[in-house]
Amino acid sequence: MLNLNANNFSGPIPSSFSSFSSYRNQQEEQSLEMLTLGDNQLTGSIPSWITNLTKLSSLTLDFNRLTGSIPNGIGDMQFLTSLALSDNNLTGTIPTSIGDLTNMRAFTAGANQLNGTIPTEIGLLKNVHTFDVSYNSLTGQIPNEIGNMTQLSLATLLQNKLSGTLPSSLRRNAKLKLFDVGDNRLVGTVPSALQQLQRLSILYIYLNDIGGDIDFLCDLEQLDSIGADCLGDRPEVICRCCHVCCDFRDKCDLA
């Protein structure tokens with residue numbers, strides 16, 4: 001384990017770290033399993049050699065100033081259970097090789113400048129409980145394959161440029177507690193199948209073009225907060241239990 005979190009380090013990620021793919025500890029060959037470099041001022045790109053650290057179970061690079069793209073070879077790091085990339089200046093797309101990270105439990109890449117679509121390969125991440133790609137510039141539809149992420153508990157996709165409708169496959173995310181797709185370009189209605197999500201606590205769909213009556217969600221026992229475009233004289237959404245209501249002028253009020 002190498003934890004250099006919150007040390008005010010600057011500059012690029014040192015290439016000397018590449019030698020940590022294996023090292024000797026008390027005369028035994030060891031492999032680095034956790035690399036934590038978050039909350040520094042690191043710059044430059046994520047080096048391609050980092051994907052050679054194939055025994056890593058946790059890679060934390062969030063809250064830095066990293067640029068460039070997520071390495072395509074990220075899928076080679078098949079022991080990864082946690083990949084934290086949020087709050088950087090990363091660009092490019094989410095690599096399709098992410099689907100090879102079948103041990104992944106948490107993927108956080110919010111507050112970057114990622115573009116392109118959410119790859120359908122996320123459906124292979126059957127162990128992921130946290131998936132955060134909020135505050136990016138992602139486009140296209142939310143893949144139907146999201147329903148294959150059967151351990152998914154927290155999904156935050158807000159403030160992107162996502163379009164299309166909410167996939168009915170969400171009904172298979174039985175462990176889903178938080179689903180936030182606020183401030184996108186989604187259309188259509190909320191699938192009635194979402195009333196099968198008995199653990200759903202927070203649902204935010206505001207600042208989209210989603211309409212219709214969603215009162216069928218009000219009887220969910222675990223529900224704490226719904227945010228929708230239910231404000232004004234002619235609201236898009238009819239909702240008697242919404243806690244956050246917005247209108248077409250992007251104005252939002254607490255109910």
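Which residue in β16 does Thr-189 stand opposite? Thr-189 stands opposite Gly-211, and we will come back to this pair once the sheets are in place.

First, some ground rules. This is a predicted model, in which local features need pLDDT of at least 70 and side-chain atom pairs count only at pLDDT 80 or more, while totals for chains, interfaces and linings use all residues. Residues are numbered from 1 along each chain as its sequence is written, and side-chain values use heavy atoms, with hydrogens and water left out.

## The overall picture

The secondary structure of the protein comes to 0 helices and 20 strands. Here helices (H or I, at least four residues) and strands (E, at least two) are DSSP runs, numbered from the N terminus. The C-alpha trace spans about 70 × 30 × 25 Å along its principal axes. A compact globule of 255 residues would have a radius of gyration near 18 Å, and the 20 Å of this protein agrees with that. That radius is taken over C-alpha atoms, and the globule rule is 2.2 Å times the number of residues to the power 0.38.

Buried residues make up 49% of the 255 residues. Buried means under 20% relative accessible area, exposed means over 50%, and partly exposed lies in between (1.4 Å probe, protein chains only). The accessible surface comes to about 11,800 Å², of which 45% belongs to carbon and sulfur atoms; such areas come from the Shrake-Rupley method with a 1.4 Å probe, and for residues only the protein chains shown count as cover.

## Two open sheets

Two strands pair if DSSP finds at least two bridges between them. One open sheet has 12 strands in the order β1-β5-β7-β8-β9-β10-β11-β13-β15-β17-β19-β20, with mixed pairing. At its edges stand β1 (2–3) and β20 (252–254), each with a single partner strand, so one side of each is left without a neighbour in the sheet.

Another open sheet has 4 strands in the order β12-β14-β16-β18, with parallel pairing. Its edge strands are β12 (163–164) and β18 (237–238), each of which pairs on one side only.

Here are some of the strand pairs:

| Strand pair | Sense | Bridges |
|---|---|---|
| β19 (residues 244–246) and β20 | antiparallel | 3 bridges |
| β14 (residues 185–189) and β16 | parallel | 3 bridges |
| β16 (residues 209–213) and β18 | parallel | 2 bridges |

Now our opening pair has its setting: Thr-189 stands opposite Gly-211 in β16. Likewise, the bridge partner of Gly-212 in β18 is Val-237, and that of Cys-245 in β20 is Asp-253.

## Inside the protein

A nonpolar core is a set of buried Ala, Val, Leu, Ile, Met, Phe, Trp, Tyr and Cys residues joined through side-chain atoms within 4.5 Å. The largest one has 68 residues, and Phe-107, Phe-131, Phe-179 and Ile-214 have the most contacts inside it. A second, separate core of 5 residues includes Tyr-204, Tyr-206, Leu-207 and Cys-246.

Contact means heavy atoms within 4.5 Å. Not counting residues up to four places away in sequence, Phe-131 touches several residues, among them Phe-107, Ile-118, Met-149 and Leu-157.

## Three residues to look at

Try finding Leu-2, which lies in strand β1. Leu-2 and Leu-32 are 30 residues apart in sequence and 7.6 Å apart in space, C-alpha to C-alpha. Beyond its neighbours within four places in sequence, Leu-2 is in contact with residues including Phe-17, Phe-20 and Leu-32.

Next comes Thr-130, in strand β10 (residues 130–132). Is Thr-130 buried or exposed? Thr-130 is buried, because its relative accessible area is 17%. Its side chain makes a polar contact with the side chain of His-129 (2.8 Å). A polar contact is a pair of N or O atoms within 3.5 Å; within protein, one must be able to donate a hydrogen and the other to accept it, and residues adjacent in sequence count only if both atoms are side-chain atoms.

Finally, Asp-229 lies in the loop between β17 (225–228) and β18. At 3% relative accessibility, Asp-229 counts as buried. The side chain of Asp-229 reaches the backbone nitrogen of Asn-208 at 3.2 Å. Leaving aside neighbours within four places in sequence, Asp-229 is in contact with Tyr-206, Leu-207 and Cys-246, among others.
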